Amino acid sequence: MTLQRLEEFYPNYQEEIFAGDDIKGFDVYAGDSDEKVGTVYDALVDETGRFRYLVIDTGIWIFGKKVLLPIGSARFDYGARRVYATGLRSKDQAERLPAYNELEPLDYDREEQVRGVYRNQGTAATATPASYDRSNYSYDLDRPLYETNEKKHQNLKLYEERLIANKHRDKTGEVAVGKRVETETARASVPIEKERVVIERVTPVEAGQVVSVGEADFQSGEVARMEVYEETADIHKEAYVREEVNIRKEVVRSTVDGEETLRREELDIDTDGTPVVDNKNI
């Protein structure tokens, strides 16, 4: 799980989380003693905004080394501006912690080194390396190291997960509609007519008989005219509208179901004696 610095996730963290206060600069003491081990330099939260570590600047006594304190091993005293590192008993134990370098990513192996030190300090952490690996580790396996409560973390907010259902519009493809020209050979037959002039020469019945004077009409030049016609085929092509294509989109609706396991933080309030506790929501 990726961890971020407090101000990167909560730019206005003083108002959003600490009611106008700022834990940076709080003095850090080992256990419940007055042995100061450093000051709060920063805090790291996971991708859901939950506090996971305080970054402790141990100061010049070990050359300005920065170490990590799991949030469950810290008890805040806002009035005294102090943090008590309940997972540490002395400066020597803090010195054995691996150094934190904010310029390097905090990966699983580095966190395991940190967790190993606090587990060995006699905390109530129950996770053992044999029960998980980098593929299935969860901070819930080390609840005593990472859980927050009202008793130890007075102003820290409690978080819960909610299932958020959103939808995104993504382009999945496109449809291009084009035209192509196909060719074929078509044949058509058209009957045509042609006129021709037929000149028939026959011998009349009265052939050989003498005609009367003046009956014979001898002349030269045109004596008859007849127009002659013929049909010719006119075969050509013309373009016509064959069909019309309409292009539109239709929305197909469906419902996608999903489920997740949601977590919620609750307060653990421990009382000693018979104090009156007014636990109410504001």
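Is Arg5 buried, partly exposed or exposed, and at what relative accessibility? I looked this up before anything else, keeping in mind that the model is predicted, and I found that Arg5 counts as partly exposed because its relative accessibility is 30%.

**Entry 1: the chain as a whole**

I then stepped back to the overall layout, where I counted five helices and seven strands in the chain. Reading along the sequence, I wrote down the pattern β-α-α-β-β-β-β-β-β-α-α-α. Of the 282 residues in the chain, I noted that 27% are buried, and that the chain exposes about 22500 Å², with carbon and sulfur atoms supplying 46% of that area. For the contacts with a separation of 6 or more, I recorded that 60% are made by residues 24 or more positions apart.

**Entry 2: the salt bridge of Arg5**

Returning to Arg5, I asked which residue forms a salt bridge with it and how far apart the closest N and O atoms are. The partner is Glu102, and the closest N and O atoms lie 3.1 Å apart. This pair links distant parts of the chain, since I find Arg5 in strand 1 (residues 4–5) and Glu102 in the loop between helix 3 (91–95) and helix 4 (108–119), 97 residues apart. Glu102, with a relative accessible area of 31%, is partly exposed.

**Entry 3: Lys24, Glu7 and the network**

I next followed Lys24, whose side chain meets that of Glu7 in a salt bridge of 3.6 Å, N to O. Here too the pair links distant parts of the chain, with Lys24 in the loop between helix 2 (13–16) and strand 2, and Glu7 in helix 1 (residues 6–9), 17 residues apart. Lys24 counts as partly exposed at 22% relative accessibility, and Glu7 counts as partly exposed at 46%.

Which residues are linked with Arg5 in a network of salt bridges? I listed Glu7, Lys24, Asp42 and Glu102 alongside Arg5. The structure holds 17 salt bridges, and I reminded myself that side chains of opposite charge can pair when their charged atoms come close.

**Entry 4: Asp42**

Within that network I looked at Asp42 separately, and placed it in strand 3. Is Asp42 buried or exposed? Its relative accessible area is 3%, so I entered Asp42 as buried, the cut-off for that word being under 20%. The side chain of Asp42 makes a polar contact of 2.6 Å with the side chain of Arg5. Leaving aside residues up to four places away in sequence, I saw that Asp42 touches Arg5, Leu6, Lys24, Leu54 and Val55.

**Entry 5: the pairing of strand 2**

I turned to strand 2 (residues 27–30), which runs antiparallel to strand 3 (residues 36–45) and is joined to it by three bridges. In this pairing I found Val28 opposite Gly38 of strand 3. The two strands form a hairpin with five residues between them, and in the turn I noted that Gly31 has a positive phi of about 55°.

Which strand pairs with strand 2 in the parallel sense? That partner is strand 7 (residues 82–85), and I counted four bridges between the two. In this second pairing Ala30 stands opposite Ala85 of strand 7.

**Entry 6: Arg81**

While checking backbone angles I stopped at Arg81, which has a positive phi of about 55° although it is not a glycine. I located Arg81 in the loop between strand 6 (74–77) and strand 7, and entered it as partly exposed because its relative accessibility is 36%.

**Entry 7: Asp109 and Arg134**

I also examined the salt bridge in which the side chains of Asp109 and Arg134 meet, at 2.8 Å from N to O. Asp109 lies in helix 4 and Arg134 in the loop between helix 4 and helix 5 (143–146), so the pair ties together parts that are 25 residues apart in sequence. Asp109 is partly exposed, its relative accessible area being 39%, whereas Arg134 is exposed, with 52%.

**Entry 8: a nonpolar patch**

Last, I asked which residues make a nonpolar surface patch of about 460 Å². The patch consists of Val175, Val177, Val245 and Ile247. I followed up Val177, which is found in the segment after helix 5 and which counts as exposed at 55% relative accessibility.

Note on methods:
Residues numbered from 1 in each chain as written. Predicted model: local features only at pLDDT ≥ 70, side-chain atom pairs only at ≥ 80, totals over all residues. Heavy atoms only, no water. Pairing = 2+ DSSP bridges. Salt bridge = Lys/Arg side-chain N within 4 Å of Asp/Glu carboxyl O. Buried < 20%, exposed > 50% of the residue type's maximum accessible area, 1.4 Å probe, protein only. Patch = residues over 30% accessible without salt bridge, like charges linked within 9 Å, V, L, I, M, F, W, Y side chains within 5 Å. Areas by Shrake-Rupley, 256 points an atom, 1.4 Å probe, with all protein chains shown as cover. Polar contact = N/O pair within 3.5 Å; in protein donor to acceptor, adjacent residues only side chain to side chain. Contact = heavy atoms within 4.5 Å.
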